[in-house]
Amino acid sequence: ANGSGLRTLSFHDTNEWFPSVTNAGQIVYARWDYVDRDAVTHQNLWSTRPDGTNPVAVWGNATPKPHCSFQAKPIPGTGKIVFTASSHHSITAGSICIVDPSMNVDGQQAILRVTPEVPFPEAETQNANGYGELKEYYASPWPLSEKYFLVAYSPTPLVFEPQGANDPAALGIYLLDVFGNRELIYRDPEIGSTNPCPLAARPTPPVVPSELPPEGPPVGEMIVADVYQGLGDAPRGSIKQIRIVQLLPKSTPWANTPPVGIASEENGRAILGTVPVEEDGSARFLVPAMTPIYLQALDADGFAYQTMRSLTYVQPGERVSCVGCHEARMSAPVRKPLVALGRPPSTIEPGPLDGVPFSFVRSVQPILDKHCVSCHGSEKPDGGIDLTGAPHEGFTRAYRSLCGSDRDFWADGTNPGNAAKALVPRFGGRNQIQMTPPGGMYGALGSRLIRLVRDGHQNVKLSPDELRRLATWIDLNAIFYGVNDPDQQAGQLRGEVVPMPELQ
């Protein structure tokens, strides 16, 4: 109560908003979640225990409409949640919806639109300007029951950025119901009234006890029951390792300035290393606590068969488990003994270039210098593809030739056709691939460059380590720099090893 004992609950790398305590004692909130995904359409509902353990997507993490599920509040006596379906490029306002996560963790079938006459702003009202007009809007619902809500309501249009400010007196307090009725409670002609909260007792949610040790170690434990749950037709025994990658938060203020890679709107990142997967698909391993990470399921050659496009983290001393890799969230885990639980947890095994921010110049360019520049040199490179390490347009000639010469993956350019034809496929900025397909289509397993090398292009023979390093670069979404800081990027461009940035 005196303000001491503050502790971080979330180590997500971007914005999170509107925490609220659910009827089950969890914290529900909105997370802006866009690792190698569209930066506009993924600001939806997550939850965590009050001690910050077990962050999970509640609904909408692979649902592009609405763009934002904001101001979530639990509906009394239910597991349902009411929220404002808002836009990315305006104030928090839009349509009022109820979501029932027990119906599904994604998709419109879990949604009841309380105000169906108000479309999802921006997501359903785009015009030539990209936004479109919303003639009226709602905000800040407070559920009295499943049928009645206190809300803020504006009968005037919603203004999108950068078109100017919204009317400061637009909002008034109303009683709204699911039958299409709306009754004015209070309106001030000079200033908007919003965020109604009844001064009345309500049932106290249960206090969810923490199982974290008082002085937890600087690591947490992760257990995967069966990586093949969610991997489609991946043959049993084909997944050998899990790669752990640390996401580095953006420390510079403007989008793509300076760029990290050619895909745009990407995170800097650093590979921490790998851990083994048992023959039954189980894994048990330690990861650094309070660190945003994502996981990749690797085959015997170190190619990513599946990649998270989100992040997770553990608290000090936390132990957490998952069913598989992108398994159906509404399915129950298969009951079986896990081989990985018969041994102590694995520690991360770093590779020779792991533990520092990734660098194309250090990881990939030496391979090109050794095997490729004799034909793809700078004077008259074969096919016009210059694979030298000369700096060029913020990157190098080699990087520009491999990533910028054939296909544009921006937005709808991220598609199976481009992925099959590109030398280096990737998830481009603003892409609309909602669910990550297993099989590595947008990574090294789908890369034409990798196919050329494996087919013995010009009798080039890469060692297994060199092939793995080339594939690892592509599976990191083909970034060039691992950091955002311009001075550190300049060091990486010179081939220097730069330390992990101060901001992590």
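Helices and strands are taken here as DSSP runs, numbered from the N terminus. In these terms, the lining of the largest cavity in this predicted model draws at least two residues from each of β18 (304-307) and α6 (464-475). Strand β18 gives the largest share of that lining, with four residues. The space enclosed there amounts to about 160 Å³. Its lining comprises 20 residues, and T307, F427, Y442, G443 and D475 are the closest to the centre. Sorted by class, the lining of the largest cavity contains nine nonpolar, seven polar and four charged residues.

Two cavities reach 30 Å³ or more. The second largest cavity holds about 50 Å³ of space, and the residues around it are A225, D226, Q229, V323, P333, V334 and K336. Four of these lining residues are nonpolar, one is polar and two are charged.

Turning from cavities to pockets, the second largest pocket offers about 530 Å³ of space. A total of 26 residues line this pocket, with Y34, K250, A255, N256 and E265 nearest its centre. Here the lining splits into eleven nonpolar, ten polar and five charged residues.

Charged side chains also deserve a look in their own right. Side chains of opposite charge can pair when their charged atoms come close. The structure contains 19 salt bridges. One of them joins E16 to R31, with 3.5 Å between the closest N and O atoms. This pair connects distant parts of the chain, as E16 belongs to strand β1 (residues 16-21) and R31 to strand β2 (residues 27-32), 15 residues apart. How do the two partners fare in terms of exposure? E16 counts as partly exposed because its relative accessibility is 27%, whereas R31, at 0%, counts as buried. The two residues also take part in a wider arrangement, a network of salt bridges that links E16, R31, D33 and R37.

A second salt bridge forms between E124 and R113, whose closest N and O atoms are 2.7 Å apart. E124 sits in the loop between β8 (111-113) and β9 (137-143) while R113 is in strand β8, so the contact ties together parts eleven residues apart in sequence. With a relative accessibility of 34%, E124 counts as partly exposed, and R113, at 26%, also counts as partly exposed.

A further salt bridge involves E496 and R494, with the closest N and O atoms at 2.8 Å. Which class of exposure applies to each partner? E496 has a relative accessible area of 36% and is therefore partly exposed; R494, at 58%, is exposed.

On the nonpolar side, L144, Y148 and F179 make up a surface patch with about 300 Å² of accessible area together. F179 is located in the loop between β11 (172-177) and β12 (182-186). This residue counts as exposed because its relative accessibility, 53%, is over the 50% cut-off.

Finally, Q488 provides a contrasting case of exposure. Q488 belongs to helix α7 (residues 486-493). Its relative accessible area is 15%, which means that Q488 is buried, the cut-off being under 20%. Between the C-alpha atoms of Q488 and P55 there are 32 Å, the two residues being 433 residues apart along the chain.

Note on methods
Residues are numbered from 1 along each chain as its sequence is written. This is a predicted model: local features need pLDDT of at least 70, side-chain atom pairs count only at pLDDT 80 or more; totals for chains, interfaces and linings use all residues. Side-chain values use heavy atoms; hydrogens and water are left out. Patches are made of residues with over 30% relative accessible area and no salt bridge: like charges are joined within 9 Å, nonpolar side chains (Val, Leu, Ile, Met, Phe, Trp, Tyr) within 5 Å. Accessible areas come from the Shrake-Rupley method with a 1.4 Å probe; for residues, only the protein chains shown count as cover. A salt bridge is a side-chain nitrogen of Lys or Arg within 4 Å of a carboxyl oxygen of Asp or Glu. Buried means under 20% relative accessible area, exposed over 50%, partly exposed in between (1.4 Å probe, protein chains only). On a 1 Å grid over the protein atoms alone, a cavity is a set of points where a 1.4 Å probe fits but cannot get out, and a pocket is an open set with protein on both sides within 12 Å along at least five of seven lines; lining residues have an atom within 4 Å of a point. Grid points are joined across faces, edges and corners, and a volume is the space filled by probe spheres set on the points. Ala, Val, Leu, Ile, Met, Phe, Trp, Tyr, Cys and Pro count as nonpolar, Asp, Glu, Lys and Arg as charged, and the others, Gly among them, as polar.
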